[in-house]
Amino acid sequence: MSDISTLRLSDWIARDKSPEEIKRQEKISELLSFLSVPENPDVERFAHKNAIPYEKANKGRTYILVDENSYPLAYFTLGLGRLEYSADISGSLWKKLRGVGDGDATVLTCILLGQLARNHGVLYDSLPKGCLFNEMMNAVYQGQSFVGGRFLLAECNDDLIDYYEKKGFLHLYKNSNNSLNQMILLL
Ligand SMILES: CC(C)(COP(=O)(O)OP(=O)(O)OC[C@H]1O[C@@H](n2cnc3c(N)ncnc32)[C@H](O)[C@@H]1OP(=O)(O)O)[C@@H](O)C(=O)NCCC(=O)NCCS
């Protein structure tokens, strides 16, 4: 098994226009460009085109798992999310998600799992099963320890429902606006 480290994109993006900072950003852009996700072109596009602008705009935090040669094995992005009430959610579950206060809330804030992907072709020898998900959950709990957050929301296509359910997520409903399934994990 390779020696895996998790890079935080925010530690690498250029904060000023010094040659050193710009070089760091070029290096991380190159790393992101090596991420290939043919199973889900939107997830690949995010890594190539949106991860850095989102990071700079503080809209999300992207993490890249790399091996000992700095080859990217996988990546994930976390951010702030919102879950809209739907009649498909039982009153008792909505109350559980809401916690205390906000009695009339029809929208709840949460931690959002924006992206999650293995780099195509990376073998289980290099990135064992469960490793990516565990790393992502470590970051979630770290974020929760600073700012709270009662649940993690993942929005996914139909073919990922089984994957998330195996990881303990509950399927709530399919959003009619973006046709994505709303899956949540209580934290
Ligand atoms: C989803 C993804 C990140 C999972 O990677 P992972 O956590 O490393 O999980 P693994 O690939 O090791 O698989 C773990 C288990 O989940 C299952 N699994 C993986 N993808 C699945 C899917 N799409 N549907 C159902 N089960 C799936 C595997 O069969 C395996 O099951 P097992 O333990 O019973 O053998 C990876 O399959 C991927 O990169 N997919 C393409 C990108 C994507 O669609 N991302 C999700 C949307 S943001």
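At what angle do α1 and α2 pack, and how far apart are their axes? Keep that in mind while you get your bearings; this is a predicted model, and the tour reaches those two helices at its second stop.

**The whole chain**

Start with everything shown as a cartoon. You should find five helices and seven strands. Coloured from the N terminus onward, the elements follow the order β-α-α-β-β-α-β-α-β-α-β-β. The protein has a radius of gyration of 17 Å, close to the 16 Å that the globule rule gives for 187 residues, so it is as compact as a globular protein of that length. If you draw a box along the principal axes, the C-alpha atoms fill roughly 55 × 35 × 30 Å. Of the 187 residues, 25% count as buried. Among contacts with a separation of 6 or more, 64% link residues 24 or more positions apart.

**The helix pair α1 and α2**

Now select residues 19–33 for α1 and 41–56 for α2. Here is the reply to the opening question: the two helices pack at an angle of about 145 degrees, and their axes are 8 Å apart. Show side chains where they meet: α1 brings Ser29, Leu32 and Ser33, while α2 brings Ala47, His48, Ala51 and Ile52. Sorted by class, this contact has four nonpolar residues, three polar ones and no charged ones.

Stay on Ala51, which sits in helix α2. Is Ala51 buried or exposed? Ala51 counts as buried because it has 25 C-beta neighbours inside 10 Å, and 20 or more is the cut-off for that label. Leaving out residues up to four places away in sequence, Ala51 touches Leu9, Leu32, Phe46, Thr62 and Thr77. Try a distance label from Ala51 to Thr62: they are 11 residues apart in sequence, and their C-alpha atoms are 6.6 Å apart.

**The nonpolar core**

Next, select Leu65, Tyr75, Phe76, Leu113 and Ile184, which touch the most other members of the largest nonpolar core, a set of 34 residues. The elements that give two or more residues to this core are α1, α2, β2 (61–66), β3 (72–84), β4, α4, β5 (151–156) and β7 (181–186). Colour β3 separately, as the largest share of the core, six residues, comes from that strand. In soluble globular proteins, nonpolar side chains tend to be buried together.

Zoom in on Ile184. Which residues does Ile184 touch, not counting those up to four places away in sequence? They are Leu83, Phe151, Leu152, Leu153, Phe169, Leu170 and Leu172.

**Around the ligand**

Centre the view on the ligand. The shell around the ligand has 17 residues, with Asn40, Ala117, Lys129, Asp162 and Tyr163 the closest. By class, the shell divides into nine nonpolar, two polar and six charged residues. To see where they come from, highlight β4 (107–118), α4 (131–147) and α5 (161–166), each of which supplies at least two residues. The largest share, four residues, belongs to β4. You have met β4 and α4 already, since both are among the elements that give two or more residues to the nonpolar core.

**Three loop residues**

Finish in the loops. Most residues other than glycine have a negative phi. Which backbone angle should you check at Asn58? Its phi is positive, about 60 degrees, although Asn58 is not a glycine. Asn58 lies in the loop between α2 and β2, and it counts as exposed because it has 10 C-beta neighbours inside 10 Å.

Move along to Ser70, in the loop between β2 and β3. Ser70 also has a positive phi, of about 65 degrees, and is not a glycine. With 13 other C-beta atoms within 10 Å, Ser70 is partly exposed.

The last stop is Ala87, in the loop between β3 and α3 (91–98). Ala87 is exposed, with 6 other C-beta atoms within 10 Å. Add one more distance label, from Ala87 to Tyr173: these residues are 86 apart along the chain, and their C-alpha atoms are separated by 9.1 Å.

Technical notes: Residues numbered from 1 in each chain as written. Predicted model: local features only at pLDDT ≥ 70, side-chain atom pairs only at ≥ 80, totals over all residues. Near = placed C-beta within 6 Å. Nonpolar A, V, L, I, M, F, W, Y, C, P; charged D, E, K, R; others polar. Core = buried A, V, L, I, M, F, W, Y, C linked by C-beta atoms within 7 Å. Buried ≥ 20, exposed ≤ 12 C-beta atoms within 10 Å, placed from the backbone. Contact = placed C-beta atoms within 7 Å. Axes fitted to C-alpha atoms, helices over the stretch in contact; angles between N-to-C directions. Rg over C-alpha atoms; globule rule 2.2 N^0.38 Å.
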